[in-house]
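Please open the model in your viewer and keep the sequence panel beside it, since the stops below are given as selections.

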Amino acid sequence: MKIALAQQNYHVGNFDRNVDKILEGIRWAKEQGAELVVFSELCICGYPPRDFLEFTDFINQCYAAVDRVREAADTIGVLIGAPARNERPEGKDLFNAAFFLYEKEIKATIHKTLLPNYDVFDEYRYFEPAFDWQVITFKGHKLAVTICEDIWNMGDNPLYRVTPMEQLIRFQPDVMINLSASPYNYAQDVVRNSLVKAHTQKYHLPMFYCNTVGSQTEIVFDGGSLVYDAAGKQVAEMKYFEEDYQVFDLDKIRTTSTEPVTDAGPVYFSAMDVGVGTDTLSYLTGEKNIEEIYHALVLGIRDYFEKMGFKKAILGSSGGIDSAVTLALAVEALGAENVRAILMPSQYSSGHSVSDAEQLSKNLNNPYDIIPIKNIYETFLQELKPVFGDLPFSLAEENIQSRSRGNLLMAIANKFSYILLNTSNKSELATGYGTLYGDMAGGLSVLGDVYKTQVFALARYINRDKEIIPEHIIIKPPSAELRPNQKDSDSLPEYDILDSVLYEYIERRQGPKEIIAKGFEPPLVTRILKLVNTNEYKRNQFCPIIRVSMKAFGIGRRVPIVGKYLS
């Protein structure tokens with residue numbers, strides 16, 4: 001039996017577009033002679049639909065979309081993901097389901113058992129876990145169909161009490177098929193491969209794993225769909241960060257598994273395991289991770305604009321590394337003509353900051369304007385003089401400059417229907433090194449999940465073939481340029497140390513004792529963790545952040561604003 005995997009980019013709530021894509025995938029699969037085509041989790045409505053699931057009309061449209069697809073499932077079997085109503089009075093009203101369509105009928109409905117309720121996931125808010133389990137018999141084969149999280153209950157400390165495959169293996173299936181919507185982070189491909197491989201070795205069955213691709217606001221799906229044979233050998237790994245279609249012969253995969261199954265048993269890596277044993281900065285800035293982050297951010301920007309109906313972006317170009325990398329990524333995602341840079345020097349800006357920013361835009365060929373803020377800033381100070389009196393220069397005067405720039409950017413954005421891209425990085429957001437309503441303004445954060453050391457590595461990656469970001473931007477000491485001779489290191493630890501501590505605390509959830517045990521000075525650790533926890537109120541007012549790590553600020557990290565822990 002030939003099985004096709006359709007790795008596609010869906011749009012939440014855009015039923016016509018999603019169905020058209022699915023129908024296109026069915027046509028392609030038929031042309032390739034496939035007898036079964038597999039799509040990804042909740043492909044009918046897009047993932048994650050969140051509170052849209054609470055609207056009866058939304059669910060009705062899901063069912064109407066399934067009916068449209070059902071008409072095309074005539075001579076070919078089709079597996080699609082969609083919400084399904086729970087006909088029982090007990091439990092929540094919906095299941096996260098896979099519909100098996102054939103001969104223009106719904107032949108079977110498989111319900112998801114394991115509902116993730118951590119990080120960016122909130123499925124137990126909406127769905128009821130499966131009550132029972134069944135295999136699908138099709139073309140003489142028994143299909144064990146699972147949905148995303150259903151295959152993630154592995155390791156020494158499983159999160160759930162039930163493992164669906166333990167139930168399904170009793171029916172002696174011939175193949176495992178998983179419909180997935182698995183978000184990207186730079187450890188995920190390693191984890192995903194180890195997970196699928198471990199299943200094939202444990203159950204001695206091949207697995208077809210179909211993941212979605214594309215970005216939904218802050219979450220990026222990277223694709224990378226997989227096929228493994230029954231001996232744990234990878235047969236195929238589909239494209240990353242783009243749509244892909246491939247077809248496979250199940251019978252050949254089942255009969256060509258010649259590698260013996262290891263006696264040691266399956267090995268599964270969690271995201272926490274990836275990178276352990278290597279230097280933190282080397283891992284964070286490694287070539288593999290940086291290349292993936294680059295493509296994830298470009299996809300995140302492009303999909304955000306395209307799916308929201310936006311056309312053009314604007315950003316403040318300071319001559320610094322963060323705005324330079326953001327500008328280069330935006331140009332790659334949207335086209336140079338659609339990204340406008342605004343240079344806003346003050347009396348504290350160095351001459352090379354303006355010339356560096358100008359050269360960057362010339363290299364990228366994007367439009368830019370120069371709007372000095374000296375007069376605007378001095379007018380603010382003059383009007384505030386009766387209130388400020390003779391108090392010394394402080395953070396208040398620095399932030400007036402930042403907020404003046406934010407006002408200018410938003411004024412131009414409003415006038416010309418641009419979306420403002422925020423340029424703050426994760427190191428700054430973690431420590432509160434940013435001005436609310438100033439440099440923290442924006443409609444989308446591009447680098448908010450990228451540490452400063454990774455920003456520098458991204459700049460080098462962008463320049464891999466030729467100099468796009470001027471070298472001087474990369475090598476000069478980072479500075480906000482809000483007072484004479486200011487440097488980031490005046491307020492923050494050096495970024496190599498800061499990022500290492502932040503990664504241990506934020507991504508790996510290590511406490512102060514564990515971090516200090518890694519060799520960091522106790523006062524430094526105490527200071528950094530206090531900065532993180534006391535600045536949650538700022539991050540709570542921040543725009544959506546494109547997620548690339550296993551723990552990003554935003555919906556996946558929920559800590560109290562008013563809390564005393566480590567503050």
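Which residues point one way from β4, and which the other way? Select residues 94-102, which make up strand β4 (strands are DSSP runs of E with at least two residues, numbered from the N terminus): Leu94, Asn96, Ala98, Phe100 and Tyr102 point one way, whereas Phe95, Ala97, Phe99 and Leu101 point the other way. In a regular strand the side chains alternate between the two faces of the sheet. Nine of the nine residues of β4 are buried, that is, under 20% relative accessible area with a 1.4 Å probe and protein chains only.

This is a predicted model, in which local features need pLDDT of at least 70 and side-chain atom pairs count only at pLDDT 80 or more, while totals for chains, interfaces and linings use all residues. Residues are numbered from 1 along each chain as its sequence is written, and side-chain values use heavy atoms, without hydrogens or water.

Next, add residues 77-85, strand β3, which pairs with β4 in the antiparallel sense over eight bridges (pairing requires at least two DSSP bridges between the strands); here alanine 82 has alanine 97 of β4 as its bridge partner.

Then select residues 105-111, strand β5, which is joined to β4 by six bridges, again in the antiparallel sense, and where isoleucine 106 stands opposite leucine 101. Two residues separate β4 and β5 in this hairpin, and glutamate 103 in the turn has a positive phi of about 55 degrees.

Note on methods:
Buried < 20%, exposed > 50% of the residue type's maximum accessible area, 1.4 Å probe, protein only. Helix = DSSP H or I, 4+ residues; strand = E, 2+ residues; numbered from the N terminus.
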